[in-house]
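Thanks for making the time this morning. I would like to walk you through one structure and to keep to what can be read from its coordinates.

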2 protein chains.
Amino acid sequence: MIQQVDIAIIGAGTAGLSAFNAASKVTNSIVMLEGGIHGTTCARVGCMPSKLLIAAAESAHQMQLAPAFGIQLNAGYKVDGKAVMQRVKAERDRFVSFVLQDVDQIPTEQRLDELAHFVDANTLETTSGKKIRARNIIIATGSRPAIPAMFEAAGDRLIVNDEVFAWDDLPKSVAVFGPGVIGLEISQALSRLGVRLRLFGRGDGIGPLQDPAMKALALETFNKEFPIMAGNEVRSITRTDKGVTLTFVDNEGKEVSETFDYLLAATGRKANLDKINIEAAGLKLNERLQPAFNPETTQCINADGSPSHIFIAGDVAGFRPLLHEANDEGFIAGSNAASWPNFQPKARRTPLAVVFSEPQIALAGESLAQIQARLGEEDVVVGSMDFTRQGRARVMQQNQGLMKVYACKKTGQLLGTEIFGPRAEHLVHLLAWSIQQKLTLKEILAQPFYHPVLEEGVRTALRSAASQLKR
Amino acid sequence: MIQQVDIAIIGAGTAGLSAFNAASKVTNSIVMLEGGIHGTTCARVGCMPSKLLIAAAESAHQMQLAPAFGIQLNAGYKVDGKAVMQRVKAERDRFVSFVLQDVDQIPTEQRLDELAHFVDANTLETTSGKKIRARNIIIATGSRPAIPAMFEAAGDRLIVNDEVFAWDDLPKSVAVFGPGVIGLEISQALSRLGVRLRLFGRGDGIGPLQDPAMKALALETFNKEFPIMAGNEVRSITRTDKGVTLTFVDNEGKEVSETFDYLLAATGRKANLDKINIEAAGLKLNERLQPAFNPETTQCINADGSPSHIFIAGDVAGFRPLLHEANDEGFIAGSNAASWPNFQPKARRTPLAVVFSEPQIALAGESLAQIQARLGEEDVVVGSMDFTRQGRARVMQQNQGLMKVYACKKTGQLLGTEIFGPRAEHLVHLLAWSIQQKLTLKEILAQPFYHPVLEEGVRTALRSAASQLKR
């Protein structure tokens with residue numbers, strides 16, 4: 001017997017749940033399939049537990065800033081690793097419980113806790129052999145850490161961020177591979193919590209930063225807290241009695257061996273497309289099996305180039321693997337599948353990314369390279385601001401960093417920004433919203449800026465760009 | 001001999017310097033008169049030293065939050081009052097030095113370090129008897145603390161915030177009168193730095209908060225850190241051997257006497273209009289001698305109702321006594337005086353106020369009362385959000401507070417906000433800018449909100465208001 005539904009959703013994470021909620025407003029003929037553990041990547045092993053670990057790390061870091069403010073520790077401090085992890089996990093479990101409550105509210109006839117794979121473009125089959133025929137299918141299977149084969153030599157000491165948030169205590173030492181968002185956040189947090197740490201990267205990349213001066217400053221700044229091996233050769237990885245021994249070339253060109261409790265692979269994530277037999281869905285796929293799709297409709301494209309009845313949303317889509325985008329994509333996919341075949345493209349929000357390191361890294365709008373490619377180099381102005389001289393940042397002992405703003409020389413319209421500085425998560429929202437509203441530098445400078453605030457630093461960057469506009 | 005100039009500026013504070021800079025672009029025939037100490041109120045005794053004291057206080061407060069994060073102090077901490085004040089003063093002096101550099105750049109022939117008073121509407125006379133005849137005059141004399149006569153009984157133990165920032169060490173105890181912006185910021189900072197503190201207010205007012213629920217929550221929240229006497233009767237103030245003894249009625253209705261090292265009067269500020277013989281300027285004055293003026297031109301109004309050639313800017317104007325507004329007013333006054341008699345009204349920025357307490361208090365746009373008076377009560381929607389449930393706030397142990405947003409029920413336009421919560425200084429900029437751009441709730445909700453950030457709390461408040469709009 002084949003179950004017939006309007007919409008089948010594969011995956012009950014952020015995008016899948018969002019799609020379910022949107023579709024439910026129109027039809028009850030939905031089934032959501034989840035073959036893994038319930039609870040979103042964000043709540044279980046992503047945004048929330050990392051922010052909890054970072055909050056503890058910032059508290060430890062405050063201890064080091066205190067004396068300069070005139071606050072003296074009588075006999076130092078110690079990081080109680082068990083207490084740190086206990087709070088991280090208790091609060092994380094609380095966030096996960098909210099997701100599970102949402103899942104529990106879904107009627108059981110609309111849920112199937114099984115893995116499903118494509119049989120053909122309209123048919124799914126579950127592990128236990130149940131078949132589902134759906135008018136529309138939404139792929140929302142998420143992503144998982146990608147682990148290069150060379151790390152397997154670390155054996156049972158090879159971990160990904162998921163395992164960090166399962167620890168009962170902090171280890172003594174960790175070697176982190178991958179200075180992207182996840183690797184950078186975890187490295188700084190663990191280092192500030194007293195874990196001996198070394199971060200390995202392939203080149204000079206650091207988080208999502210693009211600007212060469214900002215990349216160099218960020219590397220230099222973080223390198224003061226924990227050693228970053230940016231592009232150094234790693235000659236061997238061995239599981240030994242004491243943990244994982246790495247042999248690598250240090251910054252002086254010398255071969256060094258160092259042993260760590262764990263090797264943490266933060267070398268990117270891959271879409272969960274390998275278990276759903278995506279090849280049977282009739283879609284146009286790239287070499288990594290990723291379906292081509294339209295971000296404004298989340299609609300996939302058939303192998304013959306025609307639009308498909310299949311949608312894709314969230315990290316698996318590989319468009320912008322961020323919670324707020326997964327929510328949007330799920331909403332678009334669920335709404336469109338439910339109103340099939342009638343729907344309109346929906347404008348996506350201005351790109352916005354934040355790394356919760358300290359100083360933070362934040363980007364909004366287009367990158368300088370994108371803007372230059374679109375407008376031509378001579379039609380772009382770049383404004384910059386140095387946080388070392390920013391008044392309020394200095395007051396708070398957070399005067400480190402640099403920011404850039406990119407605008408069109410002809411119209412004065414703000415197009416993008418890159419921030420490496422204190423509380424960038426807040427500053428970048430102001431600029432992302434301004435970019436989305438297509439405001440000019442002059443219009444933004446007419447807004448109120450309080451005193452003394454970090455936003456005055458943003459104003460300095462904007463003024464620096466405005467002074468270069470054609471009159 | 002009478003010196004003839006285009007423009008005379010009385011006062012070399014924030015507004016005066018801003019006026020000077022704006023006017024200098026058009027004419028060199030300017031004289032700026034300063035009878036007091038150079039350096040702005042903001043840098044010397046206002047924004048900057050208070051933020052420095054608050055930064056030390058927050059550092060001390062972090063010590064108390066640390067254990068819940070898993071960070072244990074081995075043997076507690078102590079506040080080194082001398083070190084705290086040393087940093088506050090050293091950094092303050094640095095900020096003041098920037099102002100003094102600006103002043104030093106002004107040619108000596110355009111400066112007169114003397115007090116000046118009006119002889120007639122176009123003539124000023126300095127203490128030493130110099131006379132200046134000016135086509136236009138800009139009054140930018142600032143304000144100073146207003147001290148009610150009853151406090152004089154405290155004798156030499158009566159202080160204002162200026163004296164706090166002159167301390168070489170922290171005192172043991174202070175009674176603060178006035179729970180406005182200055183009183184609240186200093187009270188919490190001193191209390192967190194270990195000073196025994198009691199804050200006295202006339203009623204239930206707390207900072208600039210208007211919303212009754214938010215006022216009550218703020219009083220309750222701050223009262224957990226230091227006792228607030230909101231409207232309690234004060235029966236006597238006496239200078240004794242040990243300091244200042246206050247006799248007052250406590251919250252149980254009992255008469256209590258308590259002795260403090262100092263009585264800090266933070267009971268408002270008064271315009272510096274009493275030494276410039278403002279009555280001779282021919283202006284329309286109110287009962288407090290404050291000239292009537294047009295905020296969009298900063299032009300004063302003559303006694304006969306006609307527009308005057310005299311301008312007023314900064315705290316002395318009593319319009320919005322805030323640094324960024326003083327800067328704007330100085331700019332407007334300086335530009336208009338220089339281009340006299342040809343100038344256009346200049347739109348003022350959206351009102352924006354921040355109190356740097358913790359939780360912070362911030363307001364933008366119109367108050368609910370103003371909006372209701374303008375639109376009628378039934379045409380206003382109020383959205384609210386409770387910070388205790390906000391995810392990121394909880395992660396950071398800062399989940400205290402409440403916020404409200406006010407919008408027009410017919411158009412959905414955001415008109416005002418009141419925030420009592422973590423990092424309100426950042427959140428309020430987003431909303432102030434949105435108000436100035438006349439965005440609707442729907443338009444604001446289409447902007448990107450990252451995850452997990454406090455800005456998502458703002459979104460909750462906006463959604464709460466949007467759900468009440470007419471369809």
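Let me begin with a question: by what turn, and with what shift along the axis, can chain B be laid on chain A? In this model, which is predicted, a turn of 180° with a shift of 0.0 Å along the axis lays chain B on chain A, and the RMSD is 0.0 Å. That is the relation of a two-fold axis. The copies meet through the same surface, because 100% of the interface residues of chain B are also interface residues in chain A.

Let me turn to the interface itself. Chain B contributes 70 residues to the contact, and chain A contributes 70 residues as well. Between them the two chains bury about 6600 Å², and 60% of that area lies on carbon and sulfur atoms. On the chain B side, the residues that lose the most area to chain A are Trp433(B), Pro448(B) and Tyr450(B), which together account for 13% of what that side buries.

For those of you who think in terms of charges and hydrogen-bonding groups, the polar part deserves its own moment. Between chain B and chain A there are 34 residue pairs in polar contact, counting pairs with both residues at pLDDT 80 or more. The largest share of the side of chain B that touches chain A comes from helix H3 of chain B, residues 47–69, which supplies 13 residues. If we sort the residues of that side of chain B by character, we get 40 nonpolar, 18 polar and 12 charged. Six salt bridges are found across the interface of chain B and chain A. As an example with names, the side chains of Glu91(B) and Arg394(A) form a salt bridge, at 2.7 Å from N to O.

Now to the strands, where pairing also takes place between the chains. Strand E3 of chain A, residues 71–73, runs antiparallel to strand E4 of chain B, residues 77–79, and three bridges join them. Within that pairing, the residue opposite Ile71(A) is Val79(B) in E4(B).

Inside chain A, I would point you to another antiparallel pair, formed over four bridges by strand E6, residues 116–120, and strand E7, residues 123–126. Here His117(A) has Glu125(A) in E7(A) as its bridge partner, and a hairpin of two residues connects E6(A) to E7(A). When you look at strands like these on the screen, keep in mind that in a regular strand the side chains alternate between the two faces of the sheet.

How values were computed:
Residues numbered from 1 in each chain as written. Chains lettered and ligands numbered in written order. Heavy atoms only, no water. Contact = heavy atoms within 4.5 Å. Buried area = accessible area lost by both parts, 1.4 Å probe. Salt bridge = Lys/Arg side-chain N within 4 Å of Asp/Glu carboxyl O. Polar contact = N/O pair within 3.5 Å; in protein donor to acceptor, adjacent residues only side chain to side chain. Nonpolar A, V, L, I, M, F, W, Y, C, P; charged D, E, K, R; others polar. Pairing = 2+ DSSP bridges. Least-squares fit on C-alpha atoms with pLDDT ≥ 70 in both.
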